[in-house]
Amino acid sequence: MIQRILPLVAILSLSGCALTQQAAPVASDNTETVAAIKSMETNLNTRLDNMETKIETQNDYISTLEKELSNVSEELSMVRTEQTKIQTSIKQATSKKARLAPVPVSMQTQSLKDTLILGAIENVEIADIKQQFTARIDTGATTSSLNAVDLQEFERNGTQWVRFHLINQDTQADGKLEWITAPVIRNVKIRQSTTEEMERRPVVELWIKLGAIHEKVQFTLADRSHMTHSVLLGREFIQDIAVIDVSKEFVQSKK
C-alpha cells in the first residue's frame, strides 16, 4: 500500500513545485507594472509642471504686450492730436495767404474807399478802466503791446491771471492808477537786442475803442517806460480793418 502511495506523493510534490515556480513570475510582473505606472505618473506630473510654468511665462509676456499696446495707443493718440494741430495751422496759414493775395487794381481802389484809415498816432480807450491813452500804430510790429508796470501774476481757479497798472506817458501820474486784471491766454519768449537771454512775457486780451472800432485785442505785457507811447498796435490789429497813413495823426480820434 505504501509503495502505491509514494509515487502519488512524489507526483503531487513535483506539481506543487511547478505551481510555485509559475506563481513567482506573476508577482514579479505586477511589481514591474506598478513601477511603470509610477514612472509614467512622474513623467506626466513633470510635463504638467513644465506646461504650467510655460503658461505663466506666456501670461506674463501677454501682460507686457498689453501694457506696450496701451503705451503705443497713447502715443498714437498724441501723434493724431499733433497732426490735427498741424493741419489746422496749415489751413489757417493757407486762409491767411488767400486773404493777402493780390487783387486787381480796380478792386483795390474800391476796397480802399471802404477801408478805415488810421493815422500813425491815435487815441485809444481801454474799456476795462475807461481811460484813454495815445497809441502808436506800428506796421513793423506783428503783435500789440502795453506799457504794463507793477505786474503781478497770480492763479485763479487753476488759471494764470495778471494784474498791472497802465501808465499814460502823456500825463503826470496822480497816484490814482487803476488795476487792470485779466487772464493770461499764453506766454511768449522774446530775446532783447541787448542781451542773449530769453524774456518771458504774458499775453492778455482786452477790449479797446478807437473811433468806430471796438475790438478785442491781444496785448503782450512789457515795461515800455522808455517808449514814447503807452500802447502799441501791431499788424494783427490793423489787418483787414484799416490802412495806415503815416503822414497823419489822430485821424479817427481827437488829440
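## Exercises on a predicted model

K248 touches G119, A120 and I121, leaving out residues up to four places away in sequence. Keep in mind as you work that this is a predicted model.

**Exercise 1. Find where K248 sits, and decide whether K248 is buried, partly exposed or exposed.**

Step 1: Look along the chain. K248 lies in the segment after β11, which spans 242-245.

Step 2: Check the accessible area. K248 has a relative accessible area of 44%. Buried means under 20% and exposed means over 50%, so K248 is partly exposed.

Step 3: Compare sequence with space. K248 and A120 are 128 residues apart in sequence, yet their C-alpha atoms are 6.2 Å apart. A120 is also one of the residues that K248 touches.

**Exercise 2. Work out which strand holds T220, and whether T220 is buried or exposed.**

Step 1: Locate the residue. T220 belongs to strand β9, residues 213-222.

Step 2: Apply the cut-off. The relative accessible area of T220 is 6%, and buried means under 20%, so T220 is buried.

Step 3: List the neighbours. Not counting residues up to four places away in sequence, T220 touches T143, S144, S145, L146, V188, I190, R201, P202 and V203.

**Exercise 3. Describe the second largest pocket and the residues that line it.**

Step 1: Start with the volume, which is about 320 Å³.

Step 2: Find the centre. The lining has 17 residues, and the closest to the pocket centre are S145, I190, R201, A222 and R224.

Step 3: Name the elements. β4 (144-156), β7 (186-191) and β9 each give two or more residues to the lining. The most come from β7, with 3 residues.

Step 4: Sort the lining by class. There are 6 nonpolar, 7 polar and 4 charged residues.

**Exercise 4. Identify the residues with the most contacts inside the largest nonpolar core, then follow L233 outward.**

Step 1: The largest nonpolar core has 28 residues, and L206, L233 and F237 have the most contacts inside it.

Step 2: Setting aside neighbours within four places in sequence, L233 is in contact with V124, A135, R136, I137, D138, S144, I208, L210, F219 and I238.

**Exercise 5. Summarise the whole protein: how many helices and strands are there, and what share of residues is buried?**

Step 1: Count the elements. The protein has 3 helices and 11 strands.

Step 2: Turn to burial. Of its 255 residues, 22% count as buried.

Step 3: Finish with the surface. The protein exposes about 18,700 Å², with carbon and sulfur atoms supplying 54% of it.

How values were computed:
Residues are numbered from 1 along each chain as its sequence is written. This is a predicted model: local features need pLDDT of at least 70, side-chain atom pairs count only at pLDDT 80 or more; totals for chains, interfaces and linings use all residues. Side-chain values use heavy atoms; hydrogens and water are left out. A nonpolar core is a set of buried Ala, Val, Leu, Ile, Met, Phe, Trp, Tyr and Cys residues joined through side-chain atoms within 4.5 Å. Buried means under 20% relative accessible area, exposed over 50%, partly exposed in between (1.4 Å probe, protein chains only). Contact means heavy atoms within 4.5 Å. Helices (H or I, at least four residues) and strands (E, at least two) are DSSP runs, numbered from the N terminus. On a 1 Å grid over the protein atoms alone, a cavity is a set of points where a 1.4 Å probe fits but cannot get out, and a pocket is an open set with protein on both sides within 12 Å along at least five of seven lines; lining residues have an atom within 4 Å of a point. Grid points are joined across faces, edges and corners, and a volume is the space filled by probe spheres set on the points. Ala, Val, Leu, Ile, Met, Phe, Trp, Tyr, Cys and Pro count as nonpolar, Asp, Glu, Lys and Arg as charged, and the others, Gly among them, as polar. Accessible areas come from the Shrake-Rupley method with a 1.4 Å probe; for residues, only the protein chains shown count as cover.
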